[in-house]
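Please examine the sequence and the three-dimensional structure below before reading on. The explanation is best followed with the structure in view.

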Number of protein chains: 2
Amino acid sequence: MANLDQVFHSLSDGTRRAVIAQLASGPANIGDLARRHRMALPSFMKHIRVLEESEIIVSRKRGRVRTCELRAAALTAAQDWLAQERRVWETRLDQLDAFIETLALKETTHGEE
Amino acid sequence: MANLDQVFHSLSDGTRRAVIAQLASGPANIGDLARRHRMALPSFMKHIRVLEESEIIVSRKRGRVRTCELRAAALTAAQDWLAQERRVWETRLDQLDAFIETLALKETTHGEE
DNA sequence: GTGTTAGTTAGCCATATGGCTAACTTAGAT
DNA sequence: ATCTAAGTTAGCCATATGGCTAACTAACAC
């Protein structure tokens, strides 16, 4: 299962996010991907490996070309974590709102006494 | 504005994610936060600084205690990026489905000829 | 078979990361 | 005025990161 540390680490680099964006519109092989990022192949390969270890992409080699493909599951894990935290955060703010509302109400009541 | 590199980097560490989770249910001061993570204060402070530089939290000091609070905007930026990529990804899969559907239809038609 | 092409491996380098201790600075408490 | 508590700063250390070049391997093209 995708490890959040690795997934978020993968996402923390612009080159890797660009690769993800490209793969979202369909599989591609490493050469094509690398050409768009002015970077030596071995450097680029490190990014591919990071993405692969975090299970954001999978790749397989046929002949001498390796093609990469996006796996959505890891990204889903990241989204889920964020969504959950947002839920907690928003619930709290709602309760805070409600609390302030009751305070305001009381003051009005007092004011009318 | 929150920088995605920094935001995702912040999220790539379990300690920092735990801090975010705690702050989602309300502000807290650094001492309280640190106590839950068996870690020397200066080490913990580095995490706080990372979170602050990525604008995920803000903090201010009153007297000698510093209290931290979550800022949702940075997390929203991360969520938005993920959502956008998912949109591209899913659109493509839908089109792929549709394409396969038409293929299947054609075959059926041919079969009936 | 000789080249050429697509990846890969090995290894170098500078900087960043994530932990620590020790020593310092204030702010409150007595 | 002292003592204590909450942060902070400085600096050490091992490892990770993100880039590079050079040299190697394995396919495909002629």
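The paragraphs below treat the two protein chains, then the sheet of chain B, and then the surroundings of one DNA strand.

The structure is a predicted model. A useful starting point is the relation between chains A and B. A turn of 180° and a shift of 0.0 Å along the axis lay chain B on chain A with an RMSD of 0.0 Å. That is the relation of a two-fold axis. The contact between the chains fits this picture: 100% of the interface residues of chain B are also interface residues in chain A, so the copies meet through the same surface.

Consider next the sheet of chain B. Three strands form this open sheet, in the order β1-β3-β2, and their pairing is antiparallel. Strands β1 and β2 of chain B are the edge strands, since each pairs on one side only. Two bridges join β1(B), residues 28–29, to β3(B), and across this pairing B:N29 stands opposite B:T67. Between β2(B), residues 57–62, and β3(B) there are six bridges; here B:V58 has B:E69 as its bridge partner. Strands β2(B) and β3(B) also form a hairpin, with two residues between them. In the turn, B:G63 has a positive phi of about 65°.

Helices accompany the sheet. Helix α2 of chain B, residues 14–24, packs on the sheet and touches β1, β2 and β3 of chain B. The direction of α2(B) makes about 85° with that of β3(B). Helix α4(B) lies across β2 and β3 of chain B and runs at about 120° to β2(B).

The protein surface near DNA strand D draws on both chains. At least two residues each are supplied by α4 (41–53) of chain A and by α3 (30–35), α4 (41–53) and β3 (65–70) of chain B. Thus β3(B), which pairs with both β1(B) and β2(B), also contributes to this surface. Which residues come nearest to DNA strand D? Of the 21 residues around the strand, they are A:S43, A:K46, A:H47, B:M45 and B:R66. Sugar and phosphate make up 62% of the atoms of DNA strand D that come within 4 Å of the protein. The residues of this surface comprise eight nonpolar, five polar and eight charged.

Individual polar contacts complete the description. In chain A, a polar backbone atom of A:A40 is 3.0 Å from a phosphate oxygen of DNA strand D. In chain B, an N or O atom in the side chain of B:R66 is 2.7 Å from a phosphate oxygen of the strand. A polar side-chain atom of B:K61 lies 3.4 Å from a sugar or linking oxygen of DNA strand D.

How values were computed: Residues are numbered from 1 along each chain as its sequence is written. Chains are lettered from A and ligands numbered from 1 in the order in which they are written. This is a predicted model: local features need pLDDT of at least 70, side-chain atom pairs count only at pLDDT 80 or more; totals for chains, interfaces and linings use all residues. Side-chain values use heavy atoms; hydrogens and water are left out. A residue is near a molecule or strand if one of its heavy atoms lies within 4 Å of it. A polar contact is a pair of N or O atoms within 3.5 Å; within protein, one must be able to donate a hydrogen and the other to accept it, and residues adjacent in sequence count only if both atoms are side-chain atoms. Helices (H or I, at least four residues) and strands (E, at least two) are DSSP runs, numbered from the N terminus. Ala, Val, Leu, Ile, Met, Phe, Trp, Tyr, Cys and Pro count as nonpolar, Asp, Glu, Lys and Arg as charged, and the others, Gly among them, as polar. Two strands pair if DSSP finds at least two bridges between them. Copies are superposed by least squares on the C-alpha atoms of residues with pLDDT of at least 70 in both. Contact means heavy atoms within 4.5 Å. Axes are lines fitted to C-alpha atoms, for helices over the stretch in contact, and angles run from 0 to 180 degrees between N-to-C directions.
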